[in-house]
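User: Hey, I've just opened this one and I'm new to it. Can you walk me through how some of the pieces pack together?
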Amino acid sequence: MQIPQRGFSAAEFEKRAARAQKIMDRHGFDALLLTAPPNVRYFTGFDSQFWESPTRPWFVVVPREGAPIAVIPEIGAPEMALTGVKDIRTWAAPNPEDDGLSLLKSTIESLPRKHGKVGAEMGREMALRMPVAEFLQLRGSLGLSLENGSPCIWEIRMVKTEAEIAHIHYICQIASDAYEALPSQIRIGESEREVVRKLRIDIARRGADSTPFMPAISGLGGVAQIVCGPHDRLIEAGDILFIDTGSTFDGYFCDFDRNYAVGKVSDEAHRVHEALWLATEAGIAAAVPGAKTDDVWRAMARIIEDAGAIGNNVGRLGHGLGMQLTEPPSHRLGDGTEIVENMVLTIEPGMEYAPGKMIVHEENIAVTRDGPRLLTKRAPRELPVIR
């Protein structure tokens, strides 16, 4: 498929800000205070490998009216100036005595007020990228109420633009092709680490920017968990090899797994794989505008329960996806999120069918007005075999 253009147009960022400001007003915020890299990048396009350094805080203020304001260390000003952000305010950092706090405070207090509240990254699946002590100092001295803005931020980010979906689709296709090619590149007796090394290299060669997430686990007939590894264990005949990947293109993730039969595996493993393939089909079909995440969960849960599931330590059957590997919502009972057009979701049924033996499937979809659209290449119904 055609490579999406890197970065986004000025019109794209204006569209994001305008939509965000309507949502902010409804939530009763005069501004959002953003510190985490995905949120900064969402509103500005600014990115840097310097995020790996925790020394300096970075701030973006999104007002209820007007364009986003960057309040950043002066070391980042030249790159921020290449984005569409016009109002860039800097300080000489690091400065432990005042690391941008007074500049940030004056910026927020200068904004027009309607609600007297500012939203910050204080809730679920959010994190402040500034010292907590300094956040509390700001909260105590600010002339406005600084409150949990995470529900507002997630409402903004859960619905993707067409350009965002194109990015996710592209990285999903890259990883799908690499998964399909993997059995021809590995052999029985190789270690989990060697398998992952080969897959990472192939995904990179195909055009991914990075692969920050790639657990690989193997076990006779299934695996006990799906978030750790790879280890030095050698894959053996009878194993199920599970590999999950969160690879990125231009800041956007894919997140889906594949299962492989190592040599001849048990009939029971094939039966469970078939049940999960069907559960994935049901989950995909249920993810339509107007449905709830609970409905998607139920569609998958019925099938895996009928297949004899004795548990599932994952805790949910899929989630949101975008600039982060996992985002809200969650497919679980009680989540209650309404599915709307242009959400990107993972469909992830899994079941433990015997003690310590679990198999999990996962695909990525975009929700359209006509229903779900697969972004990954669908996993084969029959387990691919490694010989």
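User: Let's start with α7 and α8. Which residues in α7 meet α8?
Analyst: This is a predicted model, to begin with. On the α7 side you have Tyr170, Ile174, Asp177, Ala178, Tyr179 and Ala181. Their partners in α8 are Leu199, Asp202, Ile203 and Arg206.
User: And by class, what does that contact have?
Analyst: Seven nonpolar residues and three charged ones, with no polar residues in the contact of α7 with α8.
User: How do people describe two packed helices anyway?
Analyst: By the angle between their axes and the distance between the axes.
User: OK, so at what angle do the axes of α7 and α8 cross?
Analyst: Roughly 135 degrees, and the axes come within 9 Å. That angle makes α7 oblique to α8. For reference, α7 covers residues 162–181 and α8 covers residues 192–206.
User: Is that crossing left-handed or right-handed?
Analyst: Right-handed, as α7 passes α8.
User: Let's go back towards the start of the chain. How do the axes of α1 and α2 cross?
Analyst: Helix α1 (residues 10–27) and helix α2 (residues 37–44) have axes that come within 8 Å and cross at roughly 110 degrees. So α1 is roughly perpendicular to α2.
User: Which residues meet there?
Analyst: From α1, it's Phe13, Arg16, Ala17 and Ala20, and from α2, Arg41, Tyr42, Phe43 and Thr44. The contact of α1 with α2 divides into five nonpolar residues, one polar and two charged.
User: What about α2 and α6, at what angle do they pack?
Analyst: About 55 degrees, with the axes of α2 and α6 (residues 150–158) 12 Å apart. That makes α2 oblique to α6. The crossing of α2 past α6 is left-handed.
User: And which residues of α2 meet α6?
Analyst: Pro38, Asn39, Tyr42 and Phe43 in α2, which meet Ile153, Ile156 and Arg157 in α6. By class, the contact of α2 with α6 has five nonpolar residues, one polar and one charged. Tyr42 and Phe43 may ring a bell, since they turned up among the α2 residues that meet α1.
User: Switching topic: how many cavities of 30 Å³ or more does the structure hold?
Analyst: One. About 60 Å³ of space lies in the largest cavity.
User: Which residues line the largest cavity?
Analyst: The lining is made up of Asp257, Arg258, Asn259, His273, His361, Glu362, Ala379, Pro380 and Pro384. The class split is three nonpolar, three polar and three charged.
User: Which strand gives the most to that lining?
Analyst: Strand β11, residues 256–262, with three residues.
User: Now the backbone. Is the bond from Ala93 to Pro94 cis or trans?
Analyst: Cis, with omega near 0 degrees. Pro94 sits in the loop between β4 (87–91) and α4 (101–109).
User: And the one from Gly229 to Pro230, cis or trans?
Analyst: Cis as well, with omega near 10 degrees. You'll find Pro230 in the loop between β8 (216–220) and β9 (239–249).
User: One more. Is the phi of Glu125 positive or negative?
Analyst: Positive, at about 60 degrees, although Glu125 is not a glycine. Look for Glu125 in the loop between β5 (117–120) and α5 (132–141).

Terms used: Residues numbered from 1 in each chain as written. Predicted model: local features only at pLDDT ≥ 70, side-chain atom pairs only at ≥ 80, totals over all residues. Heavy atoms only, no water. Axes fitted to C-alpha atoms, helices over the stretch in contact; angles between N-to-C directions. Helix = DSSP H or I, 4+ residues; strand = E, 2+ residues; numbered from the N terminus. Parallel < 35°, antiparallel > 145°, perpendicular 65-115°, else oblique. Left-handed = near helix turned anticlockwise from the far one by under 90°. Contact = heavy atoms within 4.5 Å. Nonpolar A, V, L, I, M, F, W, Y, C, P; charged D, E, K, R; others polar. 1 Å grid on protein atoms, 1.4 Å probe; cavity = no way out; pocket = protein on both sides within 12 Å on 5 of 7 lines; lining within 4 Å. Points joined across faces, edges and corners; volume = space filled by probe spheres on them.
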